[in-house]
Amino acid sequence: MAYIRCVNSVISERKLKISAALRDALESEQFELYLQPQVCLKTGQVYGAEALLRWHHPILGQIPPDQFIPIAESSGIIHSLTEWVVEKGLTYQKVLSEIYPEHVLSLNISGKDLARRELPVHLITLLTQLDLSPSKITLEITESATIGNMNTIRGVFEDYRQIGVKMAIDDFGTGYSSLAYLTQLGFDELKIDKQFVMNMENIPSNQTICNATCDMSHSLGSSVVAEGVESQTAYLLLKKYGCDYGQGYYIARPMPFDEYVQWLGESITSYAATSNLSR
Ligand code: C2E
Ligand code: CA
Ligand code: CA
C-alpha cells in the first residue's frame, strides 16, 4: 500500500513538472514535428505522412506525446500547441508538395480544439498564404473525441470539409461508437487502431476486424489507413483486405523533417525504377 502511494506521488510530481514545463516549452522551441510515412498498399507508392509531436526537454529528457498531450489538454495549452503543429506542418507540406505534388499530410487535432472557431480561420489563412491545396491535408480526430453532441460535432466536421480538408477518424475500434454513428458525422478516412494491426498475423479475430472494417468503410465511401504495420505478413494481409494505406515500423518509423525529405526522395526514385522495370 505504502509502495503504491509512493509510486502515485512520483507520478503526480512528474505531471506537475510537465505541466509547468509545458508553458515555456513552446517559446524555447523544445518541440519538434516528426513525420511518419504512409504508403498506398496496392502500389507501394508514397501516399504522405502523419505529423507526430516530439518534446525534447533539457532536464526531463524526451517526453512522449501520450504523457504530455493529456496534460496540455487539461491545462488549456493544447490550443497553442495545436496552432504550432498546424503552422509547422503546413510549412513542411509546402516543401514536400514541391518535391511530390501528390503528398498528403495528416495532422492530429485534439478533441479540445474542435469547438474553437479560431482554428479553421488559422488553417484557411495559412493554406492561402502558402498556396497549398486543402485536399492534401487530413485532420485526424480520435474516435473518442467524436462522442458527445452529434449536431455540434457534425457542424464542425462540415465546416472543415467546406474548407476542403479531409477528416479522418483516428484510433478506430478503441471507442464505443459504431460506424453507423460516425457516418452521420461525414468523414473521409478511417484509421484502424494499431492494437488490431500490430500483431494481427497471430490473432485471427484481429484479422476479421481489419477485413470487416475495410469492407464497411469502403461501402460507406471512405478510405482506410492501418497504423501499426510492423511486419510484412501484416502488410500483405491488409493489402489482401483492400486496405488503402499503411503506416508502421515495417515501412518506417517517425523521423525528423530532414530525414523524411531524404526518405521521400529515395522512395520516389525506387518506385520509379521498379515501375520502369515492370513496363
Ligand atoms: P496516434 O495519433 O495514434 O499516432 C500513432 C502512434 O503510433 C504514434 O505514437 C506512432 O509513433 C506510433 N506508431 C506508428 N507506427 C507504429 C508501429 O508500427 N508500432 C508501434 N508500436 N507504434 C507505432 P506517438 O508518436 O508516440 O504518439 C502517440 C499519440 O500522441 C498519438 O497517437 C496522438 O494521439 C498523440 N499525438 C502525437 N502528436 C500529436 C499532435 O501533434 N497533436 C495531438 N493532439 N496529439 C498528438
Ligand atoms: Ca493520429
Ligand atoms: Ca491512431
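User: What counts as a donor to a calcium ion here?

Analyst: A donor is an N, O or S atom within 3.2 Å of the calcium; water is not among the atoms, so a site may look incomplete. This is a predicted model, and D170 bridges the calcium ion (ligand 2) and the calcium ion (ligand 3), which lie 4.0 Å apart.

User: Which residues coordinate the calcium ion (ligand 2), and at what distances?

Analyst: E50 (OE), N108 (OD1), E140 (OE) and D170 (OD) coordinate the calcium ion (ligand 2) at 2.1 to 2.3 Å. Along the chain these donors have the spacing E-x57-N-x31-E-x29-D. E50 belongs to strand β2 (residues 46-57) and N108 to strand β4 (residues 104-108), so this pair ties together parts 58 residues apart in sequence.

User: Is E50 buried or exposed? And what about N108?

Analyst: Buried means under 20% relative accessible area. E50 counts as buried because its relative accessibility is 4%. N108, with a relative accessible area of 27%, is partly exposed.

User: What are the protein donors of the calcium ion (ligand 3)?

Analyst: D170 (OD), D171 (OD) and E227, which is listed with OE twice, lie 2.2 to 2.4 Å from the calcium ion (ligand 3). The sequence spacing of these donor residues is D-D-x55-E. D170 sits in strand β6 (residues 166-172) and E227 in strand β8 (residues 223-227), a pair that links distant parts of the chain, 57 residues apart.

User: Are D170 and E227 buried or exposed?

Analyst: D170 and E227 are both buried.

Conventions:
Residues are numbered from 1 along each chain as its sequence is written. Chains are lettered from A and ligands numbered from 1 in the order in which they are written. This is a predicted model: local features need pLDDT of at least 70, side-chain atom pairs count only at pLDDT 80 or more; totals for chains, interfaces and linings use all residues. Side-chain values use heavy atoms; hydrogens and water are left out. Donors are N, O and S atoms within 2.8 Å of the metal (3.2 Å for Na, K and Ca); water is not among the atoms, so sites may look incomplete. Helices (H or I, at least four residues) and strands (E, at least two) are DSSP runs, numbered from the N terminus. Buried means under 20% relative accessible area, exposed over 50%, partly exposed in between (1.4 Å probe, protein chains only).
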